[in-house]
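Thanks for making time, everyone. Let me put the model on the screen and walk you through a few spots.

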Amino acid sequence: MEGRASFHDGGTAARHEVRLRLSEDNQALVIEGDSLPAPLRWPLADLRALGDHADAARLVVTRHADHVPDALPRDPARLVIEDPRLIEWLHRTRPRLHRRDLRAGTGRRVALRLGGALAAVLLMLFVILPSMAGTLARLLPVEREVAFGRTVTAQMERMLGAESPGSLDCEAPGGTAALEAMVARLTEGRALDYDLRVRVLDSGMVNAFAAPGGQIVVMRGLLDKAEGPDMVAAVLAHEIGHVVHRDPTRNALRAAGSVGLLGLLFGDFTGGAAMVLLADRLINASYGQEAETQADIYAHAMLRDAGLPPAALAEMFERFRDLGGEVDGALAHFMSHPRLSERIDGARAAPPPEGAVTPALDPGQWRALQGICGAPD
Amino acid sequence: MAEGQYAHARYAGDNGQLFWLAFRTGLLTLVTLGIYRFWAKTRIRRYIWSAVELDGSRFEYTGTGLEKFLGFLMAVIILAVYLGVIQIVLFYFGISLFGGADAATSVVAVNASVLAVLPFVFFAVYRARRYRMARTRWRGIRFGMDRNAWGYALRAMGYWALTLLTLGLMLPLQTFRLEQYMTDRTWFGDARFRQEGHWTALYGRMRHVFIGIGLIVLGSIGAAAGAAGDWGWGAAGIAAIPVGAVWLAIGVISYRVQSFAYLARTKVLDEQVGFHARPETSTVILTWIVGSLIVGAAVGIFLALVGGGAAIIFGGLASTGGLDGIDPSGPAVLLPLLGGAMTYILVFVAAEAGGLALITQPILKHYVDTLTVIDPDALGEIRQRAADKGADAEGFADALDIGGAI
């Protein structure tokens, strides 16, 4: 095996024309040239070719070397072979020619960096951003929070299909009066930071939500499916709990921070947006569990003070479950509300009010509230 | 290749080879949820670098996917923490100053967060170029750049502000000084590059931009005259506006190509090696148009064939009554849906690879083929430089998605 090649010694940009031959012991490639000070001996086992080369007719060979400071453990010298016989011989006899040599400790380095990145992101998502959101939500002036809440509900109305803000509002006079009576009974004797603004929207969804700044929205579907005024009062008390704890504002602030962070992590490959949404949902669900439990506890006390049974909340949850809201197992994480059975037990265990219990609304008021969106078609 | 005292550069990449490399690595990127993209980019660079030949010797790219992945992780940690905090604070000021998540707030918040990221963007631009230089070799000798990324970011923000405030009039100063800042800190082995020339020379390369703007302005004046009752001027003005817009677009490309050529011609290596660059704006634009048409047509024909095939199969099923009573979540419905999604992804990856092989590569080939090195013999004296660890290995550029095609 003999041939010619050109050689760069890795020290200067000069090109040396060299002769190649196998050493006497058949263990090394000997590189000789008139412009080289002395013949070089490259052990055959250390020969490595450059990958993904654009010229199939030329093979660039270097040498495995552990001592170099480069990312890859390779000698800076290069042997450029264009002799097809030589290239064929190297490919045939040197199975390690295209081997990738990783430095010792690469696995540990990757694991450390991955672990560090994961830890930093988790710390941000679950400790730093939530605590910043809590602090900032407390700092926000109430009137700003109210203005912000209005834009949030306007957005929600648009998503439900309202042509203009307020076009889905249900405002039958009797129903509005009944709703006001219910809110007044619940909040009697309580000093709230917000003027509560409770509205009913004409939508079949069985749901209610609190927006920043004392805005509470009840969907008509909830009134339709509730079995009595106490159940609606229980849901209202729960949403008032969210308002008092400033959960919606904190949630929005936290979402802004985590979307900024997650968008960067997943921003750069196909389908990234879906991953961002999914991940954000997951975070806010686990955030929601603690907030929901606190809102439940607030509701128990509010109902008792208003002379209503906290167990009404449990009955409403059971109604939810009958309607198919309960999801157990792997999907449970993705639900905003913690598992219903635990919350039902919590509501049943809450102490009932002392003295006589009267329903939240009398039968006439309840009919008026259920008809707040006008007669069903 | 050396003809006396000149060495012509040559690009010898093959469209088919690069397409298959990009397609294969694109699929791997997809399968690994994006993680393989660092290795994919590295392999594509290895191919492209090794296709560039100067004085008989090919260039070499020595970066690794692993170091890019690790650099990306580091950059992501820093940026994620920074962006999370910035976003939440901006959102807070958005709602406490403007009271809501309405249009005005989101515009302000988006602009403010772009501004907050901007220093990192320029930092990343310099770092990315330093990394690519540090991983480029020719005849075994490393290129390299000094560590001045923050100095660059500071100057880039200043020159950008100046350009914006003067409505683009000072763009040549920005182009020249920023390129000079990088070139003067670039090395081949122990030899330093130097940017000569003068920034005012770039105004000549901007002339088509000025002509395009002039046509639009004159056209608008003519159109205004037309609205005032002078119909002849009005028609001429309305015709001049689209002509001016196209002229402006071509002018912008012309400025980019010709300012690159000027800046290449005025670079000097080690006080003796010069460069000559003669890229043609028309060739760049034509290559881009032809490449886009081929890729677009290939995607269109493929989709028409697949869509036609699917229509025939479904039509057959429907006519035999096969579609009635099919479970909507059953395999008969899900499989075609899955097949459709897979086809879409395959076409997407193939179109990206096609763009690289048929648009990016031919344009690059034109730039390389029109480049000549003057007095290449002096290169033989240049000695090796120390290795550069590369810090974040372009991680900031990858995290901020400003990497470009290659």
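Let's start with a hairpin in chain B. Keep in mind that this is a predicted model. Strand E9, residues 267-269 of chain B, pairs with E10(B). The sense is antiparallel, and there are two bridges. Find Val268(B): its bridge partner in E10(B) is Gly274(B). Three residues sit between the two strands of this hairpin.

Look at the turn. Asp270(B) lies there, in the loop between E9 and E10 of chain B. Its phi is positive, about 55 degrees, and Asp270(B) is not a glycine. Why point that out? Because most residues other than glycine have a negative phi. Is Asp270(B) buried or exposed? Neither: Asp270(B) is partly exposed, at a relative accessible area of 30%.

Now stay with E10(B), residues 273-277. This strand has a second partner. E10(B) pairs with strand E11, residues 371-374 of chain B, again in the antiparallel sense. This time there are four bridges. Ala277(B) is the residue to click on, and it stands opposite Leu371(B) in E11(B). How many of the five residues of E10(B) are buried? Four, so the strand is largely enclosed by the rest of the structure.

One more positive phi in chain B. Leu167(B) is not a glycine either, yet its phi is about 55 degrees. Where is Leu167(B)? In the loop between helix H5 (149-165) and helix H6 (171-183) of chain B. Leu167(B) is exposed, with a relative accessible area of 80%. The cut-off for exposed is over 50%, so Leu167(B) qualifies.

Next, a helix pair in chain B. Two packed helices are described by the angle between their axes and the distance between the axes. Take H1, residues 15-31, and H2, residues 37-51, both of chain B. The angle is about 170 degrees, and the axes are 9 Å apart. That makes H1(B) roughly antiparallel to H2(B). Who touches whom? From H1(B) we have Gln17(B), Leu18(B), Leu21(B), Ala22(B), Arg24(B), Thr25(B) and Thr29(B). On the H2(B) side they meet Arg37(B), Ala40(B), Arg43(B), Ile44(B), Tyr47(B) and Ile48(B). Sorted by class, this contact has seven nonpolar, three polar and three charged residues.

Zoom out on chain B for a moment. The chain has twelve helices and eleven strands. It runs to 406 residues, and 45% of them count as buried. Then the contacts. Take those in chain B between residues at least 6 apart in sequence: 75% of them join residues at least 24 apart.

Over to chain A, and another helix pair. Here it is H6, residues 229-244, with H9, residues 311-322, both of chain A. Their axes come within 8 Å and cross at roughly 100 degrees. H6(A) and H9(A) are therefore roughly perpendicular to each other. H6(A) brings Asp230(A), Met231(A), Ala234(A), Val235(A) and His238(A) to the contact. H9(A) brings Ala312(A), Leu313(A), Glu315(A) and Met316(A). By class, the residues of the H6(A) and H9(A) contact are six nonpolar, one polar and two charged.

Still in chain A, a strand pair. Strand E8, residues 197-201 of chain A, is mostly covered, with four of its five residues buried. E8(A) pairs with strand E10, residues 215-219 of chain A, in the parallel sense. Five bridges join E8(A) and E10(A). Val200(A) stands opposite Val218(A) in E10(A).

Last stop, the cysteines. How many disulfides does a search of the whole structure find? One, over all chains. Cys170(A) and Cys373(A) form it, with their sulfur atoms 1.9 Å apart. The torsion about the S-S bond is about 90 degrees, so this disulfide is right-handed. Cys170(A) lies in the loop between helix H3 (142-159) and helix H4 (173-187) of chain A. Cys373(A) is in the segment after helix H11 (363-370) of chain A. So the pair ties together parts that are 203 residues apart in sequence. And the surroundings? Cys170(A) is buried, at a relative accessible area of 7%. Cys373(A) counts as partly exposed, at 22%. The cut-off for buried is under 20%, so Cys373(A) does not count as buried.

That's the tour. Questions, please.

Terms used:
Residues numbered from 1 in each chain as written. Chains lettered and ligands numbered in written order. Predicted model: local features only at pLDDT ≥ 70, side-chain atom pairs only at ≥ 80, totals over all residues. Heavy atoms only, no water. Axes fitted to C-alpha atoms, helices over the stretch in contact; angles between N-to-C directions. Parallel < 35°, antiparallel > 145°, perpendicular 65-115°, else oblique. Contact = heavy atoms within 4.5 Å. Nonpolar A, V, L, I, M, F, W, Y, C, P; charged D, E, K, R; others polar. Buried < 20%, exposed > 50% of the residue type's maximum accessible area, 1.4 Å probe, protein only. Pairing = 2+ DSSP bridges. Disulfide = S-S within 2.5 Å.
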